[in-house]
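Open your viewer and keep the selection box at hand. This tour goes stop by stop, with something to select at each one.

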Amino acid sequence: MSLIFVAFFSPLCDLTTALFSARVAHHVILIGIIAPLLAISFPWRSGPLLPLSALTLLNALTVWLWHAPSAYEWAIVGAGPYWLMQLSLLATSWLFWREVLSPLARTGGALIALIAFVAQMGLLGALLVFAPFPVYAPHLASTAPFGVSALADQQLAGLLMWVPAMVPYLLAGIWLVLRMTNVLSTHQSSDPAR
């Protein structure tokens with residue numbers, strides 16, 4: 001709950017209107033921290049609605065959709081589009097994390113899903129870092145009061161998406177591997193033939 005407060009009621013939320021890098025930090029908190037915590041709090045009661053591959057694709061497409069310049073510009077013009085962006089990012093991430101973190105999930109498939117999601121997010125981040133010009137028109141004039149150009153702000157956003165944003169996915173992957181090895185070692189130690 002405190003992270004939801006930070007995301008939507010702290011100065012960070014206000015800063016997202018001026019700095020694209022703050023918006024990306026906001027989204028990283030939303031999809032990489034809040035969504036998995038919600039997935040842990042509200043696990044599957046039964047099987048998933050969609051296969052993990054479809055959930056991974058849906059989550060990735062939602063991230064790319066809202067980072068397309070025209071969709072991004074539309075999302076920040078009013079309360080309705082803004083909340084549609086936030087809720088769709090959170091919902092698709094929550095569904096993704098619920099399947100990845102499910103005790104019923106196949107570890108190999110969950111690891112592949114995590115790698116695929118990190119790879120596409122890293123690609124999007126790299127595109128933002130190496131773009132020769134700012135691609136988000138609303139931030140062309142909003143970054144100067146913070147002493148940063150629109151291009152530098154976009155590059156910082158890309159770096160946030162490329163490097164720190166992968167940490168929750170890396171930690172989840174490590175946890176999955178540890179869970180798998182623990183299960184294997186528990187299974188082997190309980191085998192009477194050994």
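**Stop 1: Thr 16**

Select Thr 16. Thr 16 has a relative accessible area of 1%, so it is buried. The model is a predicted one. Thr 16 sits in the loop between helix 2 (11-15) and helix 3. Now show what surrounds Thr 16. Leaving out residues up to four places away in sequence, Thr 16 touches Ala 22, Arg 23, His 26, Tyr 72 and His 139.

**Stop 2: His 26**

One of those contacts of Thr 16 is His 26, so select His 26 next. His 26 belongs to helix 3. Is His 26 buried or exposed? Its relative accessibility is 0%, so His 26 counts as buried. Residues up to four places away in sequence aside, His 26 touches Ala 7, Phe 8, Leu 12, Thr 16, Tyr 82 and Gln 86.

**Stop 3: helix 3 against helix 6**

Color helix 3, residues 20-41. Then color helix 6, residues 79-100. At what angle do helix 3 and helix 6 pack? The angle is about 40°, and the axes of the two helices lie 8 Å apart. That angle makes helix 3 oblique to helix 6. The crossing of helix 3 and helix 6 is right-handed.

Show the side chains of this contact. On the helix 3 side, select Arg 23, His 26, His 27, Leu 30, Ile 31, Gly 32, Ile 34, Ala 35, Pro 36, Leu 38 and Ala 39. On the helix 6 side, select Tyr 82, Met 85, Gln 86, Leu 89, Leu 90, Ser 93, Trp 94, Trp 97 and Arg 98. Color them by class: the contact of helix 3 with helix 6 has 13 nonpolar, five polar and two charged residues. Tyr 82 and Gln 86 appear in this contact, and His 26 touches both of them.

**Stop 4: Trp 83**

Stay on helix 6 and select Trp 83, which lies in that helix. Trp 83 has 39% relative accessibility, so it counts as partly exposed. For a distance to draw, pick the C-alpha atoms of Trp 83 and Ser 142. These residues are 59 apart along the chain, and their C-alpha atoms are separated by 21 Å.

**Stop 5: Thr 62**

Go to Thr 62, in helix 4. Helix 4 covers 52-67. Thr 62 counts as buried because its relative accessibility is 9%. Which residues is Thr 62 in contact with, leaving aside neighbours within four places in sequence? They are Ser 88, Leu 89 and Thr 92. Leu 89 also takes part in the contact of helix 6 with helix 3.

Now draw a line from Thr 62 to Tyr 72. They are 10 residues apart in sequence, and C-alpha to C-alpha they are 12 Å apart in space. Tyr 72 is one of the residues that Thr 16 touches.

**Stop 6: Leu 49**

Select Leu 49, in the loop between helix 3 and helix 4. Is Leu 49 buried or exposed? Leu 49 has 69% relative accessibility, so it counts as exposed. Next, pick Glu 99. Leu 49 and Glu 99 are 50 residues apart along the chain, while their C-alpha atoms are separated by 9.4 Å.

**Stop 7: helix 3 against helix 8**

Return to helix 3 and add helix 8, residues 150-162. Helix 3 and helix 8 pack at an angle of about 15°, with axes 7 Å apart. Helix 3 and helix 8 are therefore roughly parallel to each other. Their crossing is right-handed.

Where do helix 3 and helix 8 meet? Helix 3 brings Phe 20, Ser 21, Val 24, Ala 25 and Val 28. Helix 8 brings Asp 153, Gln 154, Leu 156, Ala 157, Leu 160 and Met 161. The residues of this contact divide into eight nonpolar, two polar and one charged.

**Stop 8: the whole chain**

Clear the selection and zoom out. The protein chain has nine helices and zero strands. Its C-alpha trace spans about 70 × 30 × 30 Å along the principal axes. Of the 194 residues in the protein chain, 45% are buried. Switch on the surface: the chain exposes about 10200 Å², and carbon and sulfur atoms supply 76% of that. Among contacts with a separation of 6 or more, 77% are between residues 24 or more positions apart.

Technical notes
Residues are numbered from 1 along each chain as its sequence is written. This is a predicted model: local features need pLDDT of at least 70, side-chain atom pairs count only at pLDDT 80 or more; totals for chains, interfaces and linings use all residues. Side-chain values use heavy atoms; hydrogens and water are left out. Axes are lines fitted to C-alpha atoms, for helices over the stretch in contact, and angles run from 0 to 180 degrees between N-to-C directions. Helices (H or I, at least four residues) and strands (E, at least two) are DSSP runs, numbered from the N terminus. Angles under 35 degrees count as roughly parallel, over 145 as roughly antiparallel, 65 to 115 as roughly perpendicular and the rest as oblique. A crossing is left-handed if the near helix is turned anticlockwise from the far one by less than a right angle, and right-handed if clockwise. Contact means heavy atoms within 4.5 Å. Ala, Val, Leu, Ile, Met, Phe, Trp, Tyr, Cys and Pro count as nonpolar, Asp, Glu, Lys and Arg as charged, and the others, Gly among them, as polar. Buried means under 20% relative accessible area, exposed over 50%, partly exposed in between (1.4 Å probe, protein chains only). Accessible areas come from the Shrake-Rupley method with a 1.4 Å probe; for residues, only the protein chains shown count as cover.
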